[in-house]
Amino acid sequence: MTLVTSTISLITLATISAGTPIRAEAHQAASGWTYPPACCKAHDIGGDCEAIPADDIHTGRRGFSVFLHVGDHHLATKPHVFFIPYGDEIPSGDGQYHICLHPTENYVNCFFAPPNGA
C-alpha cells in the first residue's frame, strides 16, 4: 500500500466515522429493560437510575410520595423524600418502581412507576 492509498483510506474512514451518529448510551435495569437516554446522565458504573422498593412509594390524591432510605438506591447516602405529581411518572418497563437521581442524589431526573401504579 502506498502513502497515497493509505492517506485516502484514512480520509475515507474518517469521513464515514464523522457521518455516523454517536448515540448516548443508557444503562439497563437489572431486569433487562433499558432506561431512556434522557434519564441516564451519569457515566460512571451503575449510572444514576435504579429500581427502588415498592414499600418506599405511597400514592396520594395528587401524586407519588417517595421515601428513599440509605441503601434503597446506590447513590442515596442519606434519607430523602420526593414528591412526584401524577403525570410526571414514566411507565416502568418491568412493573417495578425506578428512580434516576441527577445531578446529585438530591434531585429526581426521572421516576418510573408500573402502569397500574397510580
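Is Cys-40 buried or exposed? Cys-40 is buried, at a relative accessible area of 8%. Keep that residue in mind while we walk through the rest of this predicted model, because its cysteine neighbours tell a good part of the story.## The overall picture

The protein chain contains 1 helix and 7 strands. Following the sequence from its start, the order of these elements is α-β-β-β-β-β-β-β. Of the 118 residues in the protein chain, 31% are buried. The accessible surface amounts to about 7500 Å², and carbon and sulfur atoms hold 61% of that area. Among the contacts of the protein chain with a separation of 6 or more, 41% are between residues 24 or more positions apart.

## The cysteines

The model has 2 disulfides, and the table puts them side by side.

| Disulfide | S to S distance | Torsion about the S-S bond | Handedness |
|---|---|---|---|
| Cys-39 and Cys-110 | 2.0 Å | about -85 degrees | left-handed |
| Cys-49 and Cys-100 | 2.0 Å | 110 degrees | right-handed |

Let us take the pair of Cys-39 and Cys-110. The sulfur atoms of Cys-39 and Cys-110 are 2.0 Å apart. This disulfide is left-handed because the torsion about its S-S bond is about -85 degrees. The bond ties together distant parts of the chain, with Cys-39 in the loop between helix H1 (3–19) and strand E1 (49–52), and Cys-110 in strand E7 (residues 108–113). Along the sequence, Cys-39 and Cys-110 are 71 residues apart. Cys-39 and Cys-110 are both buried.

The other disulfide joins Cys-49 to Cys-100. With 110 degrees about the S-S bond, the link between Cys-49 and Cys-100 is right-handed. Here too distant parts of the chain are linked: Cys-49 sits in strand E1 and Cys-100 in strand E6 (residues 97–101), with 51 residues separating the pair. Both of these cysteines, Cys-49 and Cys-100, are buried.

How are the bonded cysteines paired when they are numbered in sequence order? The pairing is 1-4, 2-3. Cys-40 takes part in no disulfide, and the nearest cysteine sulfur, that of Cys-49, is 3.5 Å away. A disulfide needs two cysteine sulfur atoms within 2.5 Å, so a pair at a larger distance does not count.

## The sheet

Now to the strands. An open sheet is formed by 4 strands in the order E1-E6-E7-E5, with mixed pairing. E1 and strand E5 (90–91) are at the edges, each having a single partner strand, so one side of each lacks a neighbour in the sheet. Strands of a sheet pair through backbone hydrogen bonds, in either a parallel or an antiparallel manner.

E1 and E6 run antiparallel and are joined by 4 bridges. One example is Glu-50, whose bridge partner in E6 is Ile-99. The disulfide of Cys-49 and Cys-100 also connects these strands, with Cys-49 in E1 and Cys-100 in E6.

## His-98, a residue with many contacts listed

His-98 belongs to strand E6. It is buried, with a relative accessible area of 1%. The side chain of His-98 reaches the backbone nitrogen of Ala-51 at 3.3 Å. Setting aside neighbours within four places in sequence, the contacts of His-98 include Ala-29, Trp-33, Tyr-35, Glu-50, Ala-51 and Ile-52. Ser-92, Cys-110, Phe-111 and Phe-112 are also in contact with His-98. Cys-110, one of these contacts, is the disulfide partner of Cys-39.

## Gly-63 and Asn-116

Two further residues are worth a look. Gly-63 is in strand E3 (residues 63–68), and at 1% relative accessibility it counts as buried. Its C-alpha atom is separated by 5.6 Å from that of Ile-84, although Gly-63 and Ile-84 are 21 residues apart along the chain. Leaving out neighbours within four places in sequence, Gly-63 is in contact with His-58, Phe-83, Ile-84, Pro-85 and Tyr-86.

Where does Asn-116 lie? Asn-116 is in the segment after E7. Asn-116 is exposed, with a relative accessible area of 67%. The C-alpha atoms of Asn-116 and Ser-92 are separated by 9.8 Å, with their positions 24 residues apart along the chain counted as the separation.

Note on methods
Residues are numbered from 1 along each chain as its sequence is written. This is a predicted model: local features need pLDDT of at least 70, side-chain atom pairs count only at pLDDT 80 or more; totals for chains, interfaces and linings use all residues. Side-chain values use heavy atoms; hydrogens and water are left out. Helices (H or I, at least four residues) and strands (E, at least two) are DSSP runs, numbered from the N terminus. Buried means under 20% relative accessible area, exposed over 50%, partly exposed in between (1.4 Å probe, protein chains only). Contact means heavy atoms within 4.5 Å. Accessible areas come from the Shrake-Rupley method with a 1.4 Å probe; for residues, only the protein chains shown count as cover. Two strands pair if DSSP finds at least two bridges between them. A polar contact is a pair of N or O atoms within 3.5 Å; within protein, one must be able to donate a hydrogen and the other to accept it, and residues adjacent in sequence count only if both atoms are side-chain atoms.
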